[in-house]
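Please take me through this model stop by stop in the viewer. For each stop, say what to select and what is found there.

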Amino acid sequence: MNLDGMLRDKRVIVLCGAGGVGKTTTAAALGVAAARAGRHVLVLTIDPARRLAEAMGLKENGPEPTTVPLERLYADGPVGEGRLDVWMLEPRIVFERMVRKLSATESAARAILDHRLYRFLSELVAGVQEYAAAEALDGFLAEGHYDLILLDTPPSRHALDFLEAPGRLARFLDERVVSLFGPDSGRTGRLWQGAQALVGKVLDGIFGGGFAQEMRTFVGAFGGLFAGIRLHTERLREHLTSKDAAFLLVTSPEAAAMREATFFRDALQARGLPFAGYVLNRSWAREDGLAPAANLKPHANNSTDTDAVLALEHLAGVEDARAKAHRSLLDRLAEGLPLGALAIAAPDAGADLEDFRGLVHLGDALTVA
């Protein structure tokens with residue numbers, strides 16, 4: 001399957017890779033290509049560069065996805081049926097949506113959201129960006145408004161932890177913790193009551209009198225969300241291990257980025273996730289280099305002309321060597337790929353990505369490769 005087929009057939013494409021390899025730009029370009037091909041697309045991103053955000057008209061920390069204007073999406077031709085939305089993941093908004101969705105009543109949700117400990121929850125749970133990515137992806141999939149969702153994962157080796165992040169949150173506040181802090185745990189026994197008293201005394205001693213009671217109130221309210229969190233975790237894993245999902249690894253020719261690509265591929269295989277292939281970004285693998293400068297020698301009329309031709313010959317040699325090296329890297333990535341997986345090179349777009357047209361051109365280049 002090529003990238004064009006993937007964009008037409010899949011429901012979820014997750015892009016992973018090291019920071020600084022152009023992962024967010026690739027996600028945006030693929031989103032543009034899929035929308036222009038007729039699909040209703042959502043790109044979920046973490047922290048796009050300012051010029052990319054401006055090119056897509058992305059509103060920072062907006063409560064809802066931003067729709068790319070049709071006159072921008074189809075600037076070079078007639079308006080099609082496809083649509084493109086973009087949303088910058090904001091953990092605070094995602095957490096609030098989760099609480100409202102999983103709480104039995106609005107008053108139950110407010111009991112959590114208005115509690116002063118709520119705003120510290122993101123600091124208490126490791127991997128808040130990963131959790132936000134998981135919860136947002138699950139929510140949008142459940143709503144079913146989009147034909148395709150592209151997720152730009154956090155730029156770290158822990159990017160795939162978004163699959164386990166909801167489970168970590170549930171473990172952080174699991175039933176035993178609720179039993180220890182909950183206002184009515186229902187457990188008796190001198191040992192258990194002694195443990196509750198000891199924990200309360202320690203917390204009050206560290207954080208001030210009354211903190212233990214505050215913690216009990218908050219954890220008691222939050223405890224009702226566990227079943228929903230577990231359901232979301234299982235449902236998301238089901239989606240991401242299905243034939244409707246694909247994981248693309250974005251890398252660049254730098255040695256460190258290539259090592260990270262190998263790490264991510266091993267991590268995907270260990271988790272049983274559908275590895276769809278590599279995108280070698282910022283690459284010269286598809287370039288033929290400069291035309292032979294030797295062809296200019298007959299036109300050199302003096303020493304200055306000859307020096308210029310020699311300089312061009314050197315530059316052509318450097319570019320040709322770089323193109324060959326990048327093609328060799330692409331061949332390495334293609335070795336041993338599973339059936340149906342791909343390894344393609346994205347051109348080094350450089351300054352062409354200053355505006356939306358650059359994303360259109362990059363998306364076209366990726367999908368016709």
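Contact, as used on this tour, means heavy atoms within 4.5 Å. The model is a predicted one.

**Stop 1: Glu 81**

Select Glu 81, in the loop between helix 4 (70-73) and strand 4 (83-88). Which residues does Glu 81 contact, leaving aside its neighbours within four places in sequence? They are Gly 38 and Tyr 74. Glu 81 counts as exposed because its relative accessible area is 73%, and the cut-off for exposed is over 50%. Add Leu 70 to the selection: it is 11 residues from Glu 81 in sequence, and the C-alpha atoms are 9.8 Å apart.

**Stop 2: the whole chain**

Zoom out and colour by secondary structure. The chain has 16 helices and eight strands. Of its 369 residues, 49% are buried. Taking contacts with a separation of 6 or more, 76% are between residues 24 or more positions apart.

**Stop 3: the sheet**

Select the eight strands. They form an open sheet with mixed pairing, in the order 3-4-2-5-1-6-7-8. Strand 3 (66-67) and strand 8 are the edge strands, each pairing on one side only.

Next, select strand 1 (residues 12-16) and strand 5 (residues 148-152). These two run parallel and are joined by four bridges. Within this pair, Ile 13 has Leu 150 of strand 5 as its bridge partner. As background, strands of a sheet pair through backbone hydrogen bonds, either parallel or antiparallel.

**Stop 4: the far edge**

Move to strand 7 (residues 275-283) and strand 8, which pair in the parallel sense over five bridges. Tyr 278 has Ala 343 in strand 8 as its bridge partner. Is strand 8 (residues 342-347) mostly covered or mostly uncovered? It is mostly covered, with five of its six residues buried.

Now show helix 16 (residues 356-367). Helix 16 packs on the sheet and touches strand 7 and strand 8. The direction of helix 16 makes about 150° with that of strand 8.

Stay with strand 7 and pick Arg 282, which lies in this strand. Arg 282 is not a glycine, yet has a positive phi of about 50°. Its relative accessibility is 41%, so Arg 282 counts as partly exposed.

**Stop 5: Asp 152 and its surroundings**

Go back to strand 5 and select Asp 152. Is Asp 152 buried or exposed? Asp 152 counts as buried because its relative accessibility is 1%, and buried means under 20%.

Show the residues around this side chain. Not counting residues up to four places away in sequence, Asp 152 touches Leu 15, Lys 23, Thr 24, Ala 27, Leu 44, Thr 45 and Ile 46. Thr 24 is 128 residues from Asp 152 along the chain, but their C-alpha atoms are separated by 5.9 Å.

Keep Thr 24 shown and add Ala 49, in the loop between strand 2 (40-45) and helix 3 (50-56). The C-alpha atoms of Ala 49 and Thr 24 are separated by 8.4 Å, with their positions 25 residues apart along the chain. Ala 49 has a relative accessible area of 47%, so it counts as partly exposed.

**Stop 6: the nonpolar cores**

Select Leu 3, Ile 13, Leu 84 and Leu 248. Of the 43 residues in the largest nonpolar core, these four touch the most other members. Helix 2 (residues 23-36) gives the most to this core, with eight residues.

Centre on Ile 13. Leaving out residues up to four places away in sequence, Ile 13 touches Met 6, Leu 7, Leu 148, Ile 149, Leu 150, Leu 151, Ala 246 and Leu 248. Another core, of 39 residues, lies apart from the largest one; among its members are Leu 89, Leu 137, Leu 236 and Phe 275.

**Stop 7: helix 5 and helix 6**

Finish with helix 5 (residues 91-102) and helix 6 (residues 106-113). Their axes come within 8 Å and cross at roughly 145°. The crossing is right-handed.

Which residues meet where helix 5 and helix 6 are in contact? From helix 5 come Glu 96, Val 99 and Arg 100, and from helix 6 come Glu 106, Ala 109, Arg 110, Ile 112 and Leu 113. By type, this contact divides into four nonpolar, no polar and four charged residues.

How values were computed: Residues are numbered from 1 along each chain as its sequence is written. This is a predicted model: local features need pLDDT of at least 70, side-chain atom pairs count only at pLDDT 80 or more; totals for chains, interfaces and linings use all residues. Side-chain values use heavy atoms; hydrogens and water are left out. Buried means under 20% relative accessible area, exposed over 50%, partly exposed in between (1.4 Å probe, protein chains only). Two strands pair if DSSP finds at least two bridges between them. Axes are lines fitted to C-alpha atoms, for helices over the stretch in contact, and angles run from 0 to 180 degrees between N-to-C directions. A crossing is left-handed if the near helix is turned anticlockwise from the far one by less than a right angle, and right-handed if clockwise. Ala, Val, Leu, Ile, Met, Phe, Trp, Tyr, Cys and Pro count as nonpolar, Asp, Glu, Lys and Arg as charged, and the others, Gly among them, as polar. A nonpolar core is a set of buried Ala, Val, Leu, Ile, Met, Phe, Trp, Tyr and Cys residues joined through side-chain atoms within 4.5 Å.
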